[in-house]
Amino acid sequence: MANVVIIGTQWGDEGKGKIVDLYAQEADVIVRFQGGNNAGHTLVVNGIQTILHLVPSGILHNHKICILGNGMVINPKVLIEEINELKQRDLFPTDTNLFISNNAHVIMPYHIRIDSAREARKGAGKIGTTGRGIGPAYEDKVNRTGIRIADLLDIAVFKEKLACNLEEKNFYLTRFFGEEPVNFDQIFEEYCGYGNEIRDYAANTSTLIARHIKAGKHILFEGAQGAHLDIDHGTYPFVTSSNTVAGSACSGGGIGPTKIASVVGICKSYTTRVGSGPFVTELTDEIGTHLQMQGHEFGATTGRKRRCGWLDMVLVRQACTLSGITGLALTKLDVLTGLEKIKVCTGYRIGNEEYTDHAPANLKLFSSCEPIYEELPGWTENISHARSIEDLPRATRRYIDRIEEMADVKVVLVSVGAGRNETLLLQNPFR
Ligand code: IMP
(Lines give C-alpha, C1' and ligand atoms only; values in the text may rest on other atoms or scores of the structure.)
Protein backbone atom coordinates (compact mmCIF):
# COMPACT_ATOMS: atom_id res chain seq x y z
CA MET A 1 0.00 0.00 0.00
CA ALA A 2 1.41 3.38 -0.94
CA ASN A 3 -1.15 6.04 -0.25
CA VAL A 4 0.28 9.42 0.63
CA VAL A 5 -1.26 12.54 2.16
CA ILE A 6 0.24 15.95 1.46
CA ILE A 7 -0.58 18.83 3.77
CA GLY A 8 0.76 22.28 4.61
CA THR A 9 2.58 22.75 7.92
CA GLN A 10 2.12 26.51 8.18
CA TRP A 11 -0.66 28.96 7.23
CA GLY A 12 -1.07 27.73 3.67
CA ASP A 13 0.77 28.85 0.53
CA GLU A 14 3.69 26.51 1.29
CA GLY A 15 4.02 25.56 -2.39
CA LYS A 16 1.87 22.43 -2.27
CA GLY A 17 0.82 22.71 -5.91
CA LYS A 18 4.30 22.03 -7.25
CA ILE A 19 4.89 19.11 -4.86
CA VAL A 20 1.52 17.51 -5.60
CA ASP A 21 2.26 17.87 -9.30
CA LEU A 22 5.63 16.15 -8.81
CA TYR A 23 4.31 13.32 -6.66
CA ALA A 24 1.36 12.90 -9.01
CA GLN A 25 3.80 11.30 -11.46
CA GLU A 26 3.93 8.34 -9.07
CA ALA A 27 0.22 8.29 -8.25
CA ASP A 28 -2.75 6.86 -10.12
CA VAL A 29 -5.44 8.80 -8.31
CA ILE A 30 -5.25 12.33 -6.83
CA VAL A 31 -7.89 13.37 -4.31
CA ARG A 32 -8.73 16.76 -2.83
CA PHE A 33 -10.49 16.28 0.48
CA GLN A 34 -11.29 19.68 2.03
CA GLY A 35 -11.64 23.36 1.29
CA GLY A 36 -12.80 24.90 -1.93
CA ASN A 37 -11.74 27.70 -4.22
CA ASN A 38 -10.16 29.53 -1.31
CA ALA A 39 -7.13 27.44 -2.31
CA GLY A 40 -4.88 28.45 -5.17
CA HIS A 41 -2.24 25.98 -6.27
CA THR A 42 0.35 27.45 -8.62
CA LEU A 43 2.15 25.08 -11.00
CA VAL A 44 4.88 25.90 -13.49
CA VAL A 45 5.36 23.29 -16.21
CA ASN A 46 7.76 23.97 -19.07
CA GLY A 47 7.85 27.61 -17.97
CA ILE A 48 4.06 27.97 -18.27
CA GLN A 49 2.09 28.84 -15.15
CA THR A 50 -1.25 27.27 -14.24
CA ILE A 51 -3.22 28.20 -11.12
CA LEU A 52 -5.76 25.67 -9.93
CA HIS A 53 -8.43 26.42 -7.34
CA LEU A 54 -10.58 23.29 -7.33
CA VAL A 55 -9.33 20.65 -9.73
CA PRO A 56 -6.57 18.52 -8.13
CA SER A 57 -3.06 19.46 -9.27
CA GLY A 58 -2.62 15.96 -10.72
CA ILE A 59 -4.77 16.96 -13.70
CA LEU A 60 -1.67 18.11 -15.59
CA HIS A 61 -0.64 14.47 -15.97
CA ASN A 62 -2.39 12.34 -18.55
CA HIS A 63 -4.25 9.22 -17.46
CA LYS A 64 -4.52 10.23 -13.79
CA ILE A 65 -7.85 10.01 -12.01
CA CYS A 66 -8.69 13.26 -10.20
CA ILE A 67 -11.28 13.36 -7.45
CA LEU A 68 -13.02 16.20 -5.62
CA GLY A 69 -13.89 14.54 -2.33
CA ASN A 70 -16.92 14.79 -0.06
CA GLY A 71 -15.07 17.07 2.39
CA MET A 72 -14.93 19.88 -0.16
CA VAL A 73 -17.22 22.84 -0.70
CA ILE A 74 -17.58 23.39 -4.42
CA ASN A 75 -18.54 26.49 -6.36
CA PRO A 76 -19.83 24.85 -9.57
CA LYS A 77 -19.43 28.02 -11.64
CA VAL A 78 -15.74 28.25 -10.74
CA LEU A 79 -15.27 24.53 -11.32
CA ILE A 80 -16.82 24.68 -14.79
CA GLU A 81 -14.71 27.73 -15.69
CA GLU A 82 -11.59 25.96 -14.48
CA ILE A 83 -12.38 22.81 -16.48
CA ASN A 84 -13.12 24.87 -19.60
CA GLU A 85 -9.90 26.83 -19.27
CA LEU A 86 -7.90 23.62 -18.88
CA LYS A 87 -9.67 22.20 -21.94
CA GLN A 88 -8.92 25.32 -23.99
CA ARG A 89 -5.26 25.01 -23.09
CA ASP A 90 -5.24 21.30 -23.89
CA LEU A 91 -4.44 20.48 -20.29
CA PHE A 92 -7.56 18.45 -19.50
CA PRO A 93 -6.94 14.86 -20.60
CA THR A 94 -10.47 13.40 -20.63
CA ASP A 95 -13.85 13.92 -18.93
CA THR A 96 -13.87 10.33 -17.69
CA ASN A 97 -10.87 11.01 -15.43
CA LEU A 98 -12.59 13.58 -13.20
CA PHE A 99 -15.01 12.68 -10.41
CA ILE A 100 -16.91 14.81 -7.91
CA SER A 101 -18.35 13.39 -4.73
CA ASN A 102 -22.15 13.39 -4.57
CA ASN A 103 -21.74 14.33 -0.91
CA ALA A 104 -19.61 17.43 -1.45
CA HIS A 105 -21.41 20.67 -0.57
CA VAL A 106 -22.25 23.40 -3.05
CA ILE A 107 -21.23 27.01 -2.48
CA MET A 108 -24.27 29.14 -3.28
CA PRO A 109 -24.39 32.88 -4.13
CA TYR A 110 -25.82 33.69 -0.68
CA HIS A 111 -22.76 32.08 0.97
CA ILE A 112 -20.52 34.51 -0.88
CA ARG A 113 -22.77 37.47 -0.06
CA ILE A 114 -22.85 36.56 3.64
CA ASP A 115 -19.07 36.03 3.74
CA SER A 116 -18.36 39.52 2.43
CA ALA A 117 -21.16 41.22 4.38
CA ARG A 118 -19.81 39.74 7.62
CA GLU A 119 -16.24 40.76 6.89
CA ALA A 120 -17.35 44.31 6.03
CA ARG A 121 -19.33 44.54 9.26
CA LYS A 122 -16.38 43.33 11.35
CA GLY A 123 -14.15 46.10 9.99
CA ALA A 124 -10.69 46.03 11.60
CA GLY A 125 -11.56 42.79 13.45
CA LYS A 126 -12.21 40.90 10.21
CA ILE A 127 -10.75 37.44 9.60
CA GLY A 128 -9.49 38.41 6.17
CA THR A 129 -11.28 35.54 4.42
CA THR A 130 -10.84 34.94 0.73
CA GLY A 131 -14.45 36.08 0.27
CA ARG A 132 -15.38 32.87 -1.53
CA GLY A 133 -18.25 31.86 0.78
CA ILE A 134 -16.26 29.02 2.35
CA GLY A 135 -17.27 29.60 6.00
CA PRO A 136 -21.00 30.09 5.34
CA ALA A 137 -21.06 26.95 3.13
CA TYR A 138 -19.45 24.80 5.84
CA GLU A 139 -21.81 26.38 8.37
CA ASP A 140 -24.81 25.10 6.40
CA LYS A 141 -23.19 21.66 6.13
CA VAL A 142 -22.84 21.41 9.92
CA ASN A 143 -26.29 22.93 10.34
CA ARG A 144 -27.66 20.16 8.06
CA THR A 145 -29.25 22.66 5.70
CA GLY A 146 -26.55 22.60 3.02
CA ILE A 147 -27.13 21.72 -0.63
CA ARG A 148 -24.97 18.82 -1.80
CA ILE A 149 -23.95 17.86 -5.33
CA ALA A 150 -26.52 15.04 -5.23
CA ASP A 151 -29.24 17.58 -4.35
CA LEU A 152 -28.22 19.87 -7.19
CA LEU A 153 -28.70 16.99 -9.62
CA ASP A 154 -32.29 16.34 -8.52
CA ILE A 155 -34.42 19.28 -9.65
CA ALA A 156 -37.29 18.68 -7.19
CA VAL A 157 -34.99 18.28 -4.20
CA PHE A 158 -32.90 21.28 -5.24
CA LYS A 159 -36.00 23.46 -5.65
CA GLU A 160 -37.31 22.59 -2.22
CA LYS A 161 -33.97 23.02 -0.46
CA LEU A 162 -33.20 26.28 -2.21
CA ALA A 163 -36.61 27.74 -1.34
CA CYS A 164 -36.21 26.72 2.27
CA ASN A 165 -32.70 28.16 2.47
CA LEU A 166 -33.60 31.43 0.79
CA GLU A 167 -36.33 32.17 3.29
CA GLU A 168 -33.73 32.23 6.05
CA LYS A 169 -30.81 33.67 4.06
CA ASN A 170 -32.81 36.57 2.66
CA PHE A 171 -34.12 37.41 6.12
CA TYR A 172 -30.51 37.44 7.36
CA LEU A 173 -29.19 39.44 4.38
CA THR A 174 -31.91 42.08 4.40
CA ARG A 175 -32.77 42.43 8.08
CA PHE A 176 -29.38 41.92 9.68
CA PHE A 177 -27.04 43.34 7.05
CA GLY A 178 -29.47 45.71 5.30
CA GLU A 179 -28.48 44.15 1.95
CA GLU A 180 -30.50 43.31 -1.14
CA PRO A 181 -32.08 39.82 -1.13
CA VAL A 182 -30.98 37.12 -3.58
CA ASN A 183 -33.43 36.02 -6.25
CA PHE A 184 -34.85 32.47 -6.24
CA ASP A 185 -35.65 32.17 -9.97
CA GLN A 186 -32.28 33.47 -11.04
CA ILE A 187 -30.31 31.12 -8.77
CA PHE A 188 -32.55 28.17 -9.54
CA GLU A 189 -32.13 28.51 -13.29
CA GLU A 190 -28.40 29.22 -13.12
CA TYR A 191 -27.63 26.34 -10.77
CA CYS A 192 -29.80 23.81 -12.63
CA GLY A 193 -27.58 24.65 -15.61
CA TYR A 194 -24.43 24.02 -13.59
CA GLY A 195 -25.92 20.76 -12.32
CA ASN A 196 -26.40 19.57 -15.88
CA GLU A 197 -22.85 20.52 -16.81
CA ILE A 198 -21.26 18.59 -13.95
CA ARG A 199 -23.74 15.68 -13.77
CA ASP A 200 -21.47 13.19 -15.50
CA TYR A 201 -18.63 13.78 -13.04
CA ALA A 202 -20.74 13.01 -9.95
CA ALA A 203 -20.07 9.72 -8.18
CA ASN A 204 -19.72 7.91 -4.89
CA THR A 205 -16.05 8.75 -4.66
CA SER A 206 -15.43 6.91 -1.39
CA THR A 207 -16.16 3.51 -2.96
CA LEU A 208 -14.31 4.59 -6.09
CA ILE A 209 -11.17 5.30 -4.05
CA ALA A 210 -11.63 2.02 -2.16
CA ARG A 211 -11.74 0.10 -5.46
CA HIS A 212 -8.52 1.72 -6.60
CA ILE A 213 -6.83 0.96 -3.28
CA LYS A 214 -7.94 -2.67 -3.55
CA ALA A 215 -6.48 -2.83 -7.05
CA GLY A 216 -3.11 -1.74 -5.64
CA LYS A 217 -3.18 1.74 -7.17
CA HIS A 218 -1.31 4.65 -5.58
CA ILE A 219 -3.51 7.37 -4.12
CA LEU A 220 -2.29 10.90 -3.41
CA PHE A 221 -4.41 13.02 -1.08
CA GLU A 222 -3.89 16.70 -1.78
CA GLY A 223 -4.50 18.99 1.19
CA ALA A 224 -5.29 22.68 0.85
CA GLN A 225 -4.48 25.58 3.22
CA GLY A 226 -2.20 24.63 6.14
CA ALA A 227 -2.21 23.04 9.60
CA HIS A 228 -2.52 26.37 11.40
CA LEU A 229 -5.62 27.31 9.43
CA ASP A 230 -7.35 24.16 10.74
CA ILE A 231 -10.75 24.87 12.31
CA ASP A 232 -9.87 22.80 15.44
CA HIS A 233 -6.13 23.18 15.76
CA GLY A 234 -5.31 26.47 14.08
CA THR A 235 -5.17 30.05 15.32
CA TYR A 236 -8.93 30.21 15.84
CA PRO A 237 -10.88 32.28 14.83
CA PHE A 238 -8.30 33.34 12.19
CA VAL A 239 -8.63 30.01 10.41
CA THR A 240 -10.53 28.48 7.55
CA SER A 241 -13.70 26.46 8.17
CA SER A 242 -12.44 22.94 7.48
CA ASN A 243 -9.97 20.51 9.01
CA THR A 244 -6.71 20.92 7.16
CA VAL A 245 -4.70 18.27 9.06
CA ALA A 246 -3.88 14.88 7.50
CA GLY A 247 -6.68 13.08 9.38
CA SER A 248 -9.10 15.06 7.28
CA ALA A 249 -8.07 13.00 4.24
CA CYS A 250 -9.98 10.11 5.85
CA SER A 251 -13.25 11.89 6.59
CA GLY A 252 -13.04 14.17 3.55
CA GLY A 253 -12.03 11.40 1.16
CA GLY A 254 -14.18 8.65 2.63
CA ILE A 255 -11.41 6.18 3.55
CA GLY A 256 -10.13 4.68 6.79
CA PRO A 257 -6.90 5.71 8.56
CA THR A 258 -5.42 2.24 8.00
CA LYS A 259 -5.21 3.07 4.28
CA ILE A 260 -2.64 5.84 4.71
CA ALA A 261 1.03 4.93 4.53
CA SER A 262 2.77 8.26 4.85
CA VAL A 263 2.20 11.97 5.32
CA VAL A 264 4.38 14.59 3.69
CA GLY A 265 4.29 18.01 5.33
CA ILE A 266 5.11 20.92 3.05
CA CYS A 267 7.21 23.49 4.85
CA LYS A 268 8.18 26.76 3.20
CA SER A 269 11.75 27.82 4.14
CA TYR A 270 10.27 30.90 5.83
CA THR A 271 6.76 31.72 7.04
CA THR A 272 3.94 33.61 5.34
CA ARG A 273 0.38 34.37 6.20
CA VAL A 274 -2.51 36.05 4.39
CA GLY A 275 -5.41 37.46 6.30
CA SER A 276 -5.45 38.54 9.92
CA GLY A 277 -4.20 36.81 13.07
CA PRO A 278 -1.04 36.56 15.17
CA PHE A 279 2.31 35.96 13.47
CA VAL A 280 5.20 35.78 15.94
CA THR A 281 8.07 35.84 13.42
CA GLU A 282 6.59 38.48 11.09
CA LEU A 283 9.15 40.87 9.58
CA THR A 284 8.13 44.36 8.58
CA ASP A 285 11.68 45.42 7.67
CA GLU A 286 13.76 45.03 4.50
CA ILE A 287 14.20 41.29 5.13
CA GLY A 288 10.42 40.90 5.07
CA THR A 289 10.40 42.83 1.80
CA HIS A 290 13.16 40.57 0.44
CA LEU A 291 11.06 37.46 1.21
CA GLN A 292 7.94 39.06 -0.21
CA MET A 293 9.57 40.16 -3.44
CA GLN A 294 11.94 37.24 -4.06
CA GLY A 295 9.24 34.74 -3.10
CA HIS A 296 6.53 36.52 -5.18
CA GLU A 297 4.39 36.35 -2.09
CA PHE A 298 1.04 37.41 -3.47
CA GLY A 299 -2.07 35.29 -2.88
CA ALA A 300 -2.85 33.00 -5.85
CA THR A 301 -6.57 33.37 -5.14
CA THR A 302 -7.01 36.98 -4.04
CA GLY A 303 -3.76 38.64 -5.19
CA ARG A 304 -3.27 39.99 -1.66
CA LYS A 305 0.29 40.63 -0.42
CA ARG A 306 1.32 37.88 1.96
CA ARG A 307 2.83 38.81 5.32
CA CYS A 308 6.35 37.33 5.59
CA GLY A 309 8.67 36.27 8.41
CA TRP A 310 11.35 33.84 9.56
CA LEU A 311 10.70 30.13 9.69
CA ASP A 312 8.72 29.33 12.83
CA MET A 313 9.64 25.83 13.99
CA VAL A 314 7.11 25.88 16.84
CA LEU A 315 4.38 25.85 14.20
CA VAL A 316 6.15 23.19 12.14
CA ARG A 317 6.70 20.91 15.16
CA GLN A 318 3.05 21.25 16.12
CA ALA A 319 2.01 20.45 12.54
CA CYS A 320 4.20 17.32 12.60
CA THR A 321 2.39 16.15 15.73
CA LEU A 322 -1.08 17.00 14.47
CA SER A 323 -0.65 15.13 11.20
CA GLY A 324 1.84 12.38 12.07
CA ILE A 325 4.14 13.76 9.40
CA THR A 326 6.66 11.20 8.12
CA GLY A 327 8.65 13.48 5.81
CA LEU A 328 9.07 17.19 5.21
CA ALA A 329 9.23 18.83 1.79
CA LEU A 330 11.14 22.08 2.12
CA THR A 331 10.07 24.63 -0.46
CA LYS A 332 11.32 27.97 -1.80
CA LEU A 333 14.79 27.55 -0.32
CA ASP A 334 16.22 29.67 -3.16
CA VAL A 335 14.30 32.70 -1.82
CA LEU A 336 16.69 32.85 1.16
CA THR A 337 19.73 33.26 -1.11
CA GLY A 338 21.50 36.56 -0.51
CA LEU A 339 20.58 36.97 3.15
CA GLU A 340 23.67 37.34 5.30
CA LYS A 341 22.15 35.68 8.37
CA ILE A 342 19.09 33.49 8.60
CA LYS A 343 17.05 33.20 11.76
CA VAL A 344 14.87 30.28 12.80
CA CYS A 345 12.36 30.57 15.61
CA THR A 346 12.93 27.67 18.01
CA GLY A 347 10.43 28.71 20.68
CA TYR A 348 8.20 31.45 22.06
CA ARG A 349 8.71 33.32 25.31
CA ILE A 350 6.02 34.98 27.33
CA GLY A 351 7.07 36.06 30.80
CA ASN A 352 8.82 33.09 32.37
CA GLU A 353 7.06 30.62 30.16
CA GLU A 354 8.40 29.05 26.97
CA TYR A 355 6.51 27.27 24.22
CA THR A 356 8.49 25.01 21.91
CA ASP A 357 6.07 22.45 20.49
CA HIS A 358 2.75 24.26 20.28
CA ALA A 359 1.29 27.74 20.10
CA PRO A 360 -0.82 28.96 23.04
CA ALA A 361 -4.54 28.46 22.40
CA ASN A 362 -5.34 31.83 23.94
CA LEU A 363 -4.83 34.24 21.05
CA LYS A 364 -4.15 37.14 23.40
CA LEU A 365 -1.21 35.19 24.80
CA PHE A 366 -0.14 34.07 21.33
CA SER A 367 -0.13 37.67 20.11
CA SER A 368 2.20 38.74 22.90
CA CYS A 369 4.73 35.89 22.47
CA GLU A 370 8.32 36.90 21.75
CA PRO A 371 10.26 34.70 19.33
CA ILE A 372 13.39 32.86 20.52
CA TYR A 373 15.75 32.77 17.55
CA GLU A 374 18.70 30.67 16.51
CA GLU A 375 20.91 32.46 13.98
CA LEU A 376 22.47 30.57 11.10
CA PRO A 377 24.86 31.74 8.38
CA GLY A 378 23.29 32.61 5.03
CA TRP A 379 24.63 31.94 1.52
CA THR A 380 25.02 33.98 -1.65
CA GLU A 381 25.43 31.23 -4.26
CA ASN A 382 22.62 30.59 -6.76
CA ILE A 383 21.16 27.22 -5.67
CA SER A 384 18.51 26.81 -8.38
CA HIS A 385 20.74 24.46 -10.35
CA ALA A 386 21.32 22.08 -7.44
CA ARG A 387 19.85 18.61 -7.96
CA SER A 388 21.41 16.80 -5.02
CA ILE A 389 22.36 17.74 -1.46
CA GLU A 390 26.06 17.74 -2.46
CA ASP A 391 25.37 20.54 -4.97
CA LEU A 392 24.32 22.88 -2.17
CA PRO A 393 26.62 25.30 -0.30
CA ARG A 394 27.62 24.26 3.21
CA ALA A 395 25.45 26.91 4.86
CA THR A 396 22.38 25.73 2.94
CA ARG A 397 23.00 22.14 4.02
CA ARG A 398 23.37 23.31 7.59
CA TYR A 399 19.98 25.05 7.37
CA ILE A 400 18.32 21.86 6.12
CA ASP A 401 20.04 19.76 8.82
CA ARG A 402 18.86 22.10 11.57
CA ILE A 403 15.28 21.96 10.30
CA GLU A 404 15.40 18.16 10.36
CA GLU A 405 16.82 18.17 13.86
CA MET A 406 14.31 20.66 15.19
CA ALA A 407 11.33 18.93 13.58
CA ASP A 408 12.66 15.45 14.31
CA VAL A 409 11.43 14.52 10.85
CA LYS A 410 13.50 13.81 7.72
CA VAL A 411 13.51 16.27 4.84
CA VAL A 412 12.44 14.15 1.84
CA LEU A 413 12.37 16.87 -0.83
CA VAL A 414 13.91 20.30 -1.33
CA SER A 415 12.54 22.77 -3.86
CA VAL A 416 14.94 25.40 -5.24
CA GLY A 417 12.74 27.03 -7.89
CA ALA A 418 9.25 27.01 -9.33
CA GLY A 419 9.94 24.58 -12.20
CA ARG A 420 9.31 20.83 -11.94
CA ASN A 421 13.02 20.11 -12.42
CA GLU A 422 14.22 22.61 -9.81
CA THR A 423 13.90 19.98 -7.14
CA LEU A 424 16.05 17.67 -5.01
CA LEU A 425 14.10 14.43 -4.60
CA LEU A 426 15.72 12.81 -1.57
CA GLN A 427 13.18 10.11 -0.77
CA ASN A 428 10.13 8.85 -2.59
CA PRO A 429 7.14 8.65 -0.23
CA PHE A 430 5.43 6.07 -2.47
CA ARG A 431 8.24 3.52 -2.08
P1 IMP B 1 -11.60 31.42 4.14
O2 IMP B 1 -11.04 30.05 3.99
O3 IMP B 1 -11.83 32.12 2.85
O4 IMP B 1 -12.80 31.44 5.05
O5 IMP B 1 -10.50 32.33 4.90
C6 IMP B 1 -10.13 32.12 6.25
C7 IMP B 1 -8.65 32.37 6.46
O8 IMP B 1 -7.90 31.36 5.80
C9 IMP B 1 -8.15 33.70 5.91
O10 IMP B 1 -7.09 34.18 6.73
C11 IMP B 1 -7.59 33.32 4.56
O12 IMP B 1 -6.60 34.23 4.10
C13 IMP B 1 -6.99 31.95 4.89
N14 IMP B 1 -6.90 31.05 3.73
C15 IMP B 1 -7.88 30.36 3.14
N16 IMP B 1 -7.42 29.64 2.11
C17 IMP B 1 -6.10 29.86 2.06
C18 IMP B 1 -5.06 29.36 1.22
O19 IMP B 1 -5.25 28.55 0.32
N20 IMP B 1 -3.81 29.84 1.49
C21 IMP B 1 -3.56 30.70 2.51
N22 IMP B 1 -4.49 31.18 3.30
C23 IMP B 1 -5.77 30.77 3.09
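## Elements and model

Helices, taken as H or I runs of at least four residues, and strands, taken as E runs of at least two, are DSSP runs numbered from the N terminus. The model described here is predicted, and its chain is divided into domain 1 (3–101 + 201–262), domain 2 (105–197) and domain 3 (267–425).

## The open sheet

An open sheet with mixed pairing is formed by 10 strands, whose order across the sheet is β9-β7-β5-β2-β10-β1-β11-β15-β19-β20. The edges are held by β9 (202–203) and β20 (423–425), and because each of these has a single partner strand, one side of each is left without a neighbour in the sheet.

Within this order, strand β2 (residues 29–32) and strand β10 (residues 219–222) run parallel and are joined by four bridges. At one position of this pairing, Arg32 stands opposite Glu222 in β10.

## The loop between β10 and α9

Two backbone features fall in the loop that connects β10 with α9 (248–253), where Pro237 is found and where Gln225 also has its place. The peptide bond leading from Tyr236 to Pro237 is cis, with omega near 5 degrees, while Gln225, a residue other than glycine, has a positive phi, near 60 degrees. As background to both features, most residues other than glycine have a negative phi, and most peptide bonds are trans.

## Where domain 2 meets domain 3

The C-alpha centres of domain 2 and domain 3 are 37 Å apart, and the contact between these domains takes six residues from domain 2 and five residues from domain 3. About 380 Å² of area is buried between domain 2 and domain 3, with carbon and sulfur atoms giving 39% of that area. On the side of domain 2, Gly128, Thr130 and Arg132 supply 68% of the area that this domain buries against domain 3, which is more than any other three residues supply.

Which kinds of polar interaction are counted between domain 2 and domain 3? The count is three residue pairs in polar contact, both residues of each pair being at pLDDT 80 or more, whereas the rule for salt bridges finds zero across the interface of domain 2 and domain 3. Sorted by class, the side of domain 2 that touches domain 3 consists of one nonpolar, three polar and two charged residues; the absence of salt bridges under the rule therefore concerns an interface to which domain 2 does bring charged residues, a salt bridge being a side-chain nitrogen of Lys or Arg within 4 Å of a carboxyl oxygen of Asp or Glu.

Technical notes: Residues numbered from 1 in each chain as written. Predicted model: local features only at pLDDT ≥ 70, side-chain atom pairs only at ≥ 80, totals over all residues. Heavy atoms only, no water. Pairing = 2+ DSSP bridges. Domains from an automatic or database assignment. Contact = heavy atoms within 4.5 Å. Buried area = accessible area lost by both parts, 1.4 Å probe. Polar contact = N/O pair within 3.5 Å; in protein donor to acceptor, adjacent residues only side chain to side chain. Nonpolar A, V, L, I, M, F, W, Y, C, P; charged D, E, K, R; others polar.
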